[in-house]
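Visitor: I would like a close look at a single part of this model, with its surroundings laid out in one connected account. Please start from one residue pairing and work outwards.

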Amino acid sequence: MFESGTYEGNIEFHGEGGYSDVTATSVDGLVGPITNFFCVGGGPGETWGPRTYGARLRVRTTKQRNSSFLEVSKNHRRARVPFYAVMTERLGVISVRRTVEGSAGAGAFTFDPRLQTAALVLPAPFAGRAEYNRAATRGGQWAGNLSVDFPGRPNVRLTGSGARTELVHREIFR
């Protein structure tokens, strides 16, 4: 059961660094259980394995109370590159998640057919470049100066020590 209505009172939200500001005295709302409300069929499927033409790159970093995650994928050499980056911070008992997502042109993510190497250069709010080399020593597999400006947290580095990288064959289909 969902209940809708209007919530009244003083409603204020102030994002870090002036990123966003909301002030209202009433807002329409909906309260109720959320159980797969947004995941009812029609989503993308995917296929894996060396006979696919695409690739997916995932990078995870963890530093003290912060972690970041980046995923890019590409179905074939000329395909657009969807990307998703998230940073999670622990502030006492509170977790703060910051997200950046979108898509870039085909040249943003390049890789060789055997997935031994890959390179990544994403548009703003990203800066810099990163390269993956499967044959490199552990510390050199994911290297470069790639960073991203998350809302309220600029210049978060996505390379360096502690980054765990996964590059696999993958294609997404609808």
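Guide: In this predicted model, A127 lies opposite S147, a residue of strand 13. Strand 10 and strand 13 run antiparallel and are joined by 2 bridges. They belong to an open sheet of 3 strands, ordered 10-13-14, with antiparallel pairing. Strand 10 (126-127) and strand 14 (153-157) are the edge strands, each pairing on one side only.

From the sheet we can move to the core. The largest nonpolar core has 28 residues, and those touching the most other members are L70, V72, F109, L120, L122 and F126. Among the elements that give two or more residues to this core are strand 4 (55-63), strand 5 (66-74), strand 7 (94-104), strand 8 (109-111), strand 9 (117-120), strand 11 (130-133) and strand 13 (147-150). Strand 6 provides the largest share, 4 residues.

L122 can be followed one step further. With neighbours within four places in sequence left aside, L122 is in contact with L70, V72, F83, A104 and A108. Of these, L70 and V72 are also listed with L122 among the core residues that touch the most other members.

Strand 6 also leads to the surface. L91 is located in strand 6, which spans residues 81-91. Its relative accessibility is 47%, so L91 counts as partly exposed, the class between under 20% (buried) and over 50% (exposed). Together with V93 and I94, L91 forms a nonpolar surface patch, and the three have about 320 Å² of accessible area together.

How values were computed
Residues numbered from 1 in each chain as written. Predicted model: local features only at pLDDT ≥ 70, side-chain atom pairs only at ≥ 80, totals over all residues. Heavy atoms only, no water. Patch = residues over 30% accessible without salt bridge, like charges linked within 9 Å, V, L, I, M, F, W, Y side chains within 5 Å. Areas by Shrake-Rupley, 256 points an atom, 1.4 Å probe, with all protein chains shown as cover. Salt bridge = Lys/Arg side-chain N within 4 Å of Asp/Glu carboxyl O. Buried < 20%, exposed > 50% of the residue type's maximum accessible area, 1.4 Å probe, protein only. Core = buried A, V, L, I, M, F, W, Y, C linked by side-chain atoms within 4.5 Å. Contact = heavy atoms within 4.5 Å. Pairing = 2+ DSSP bridges.
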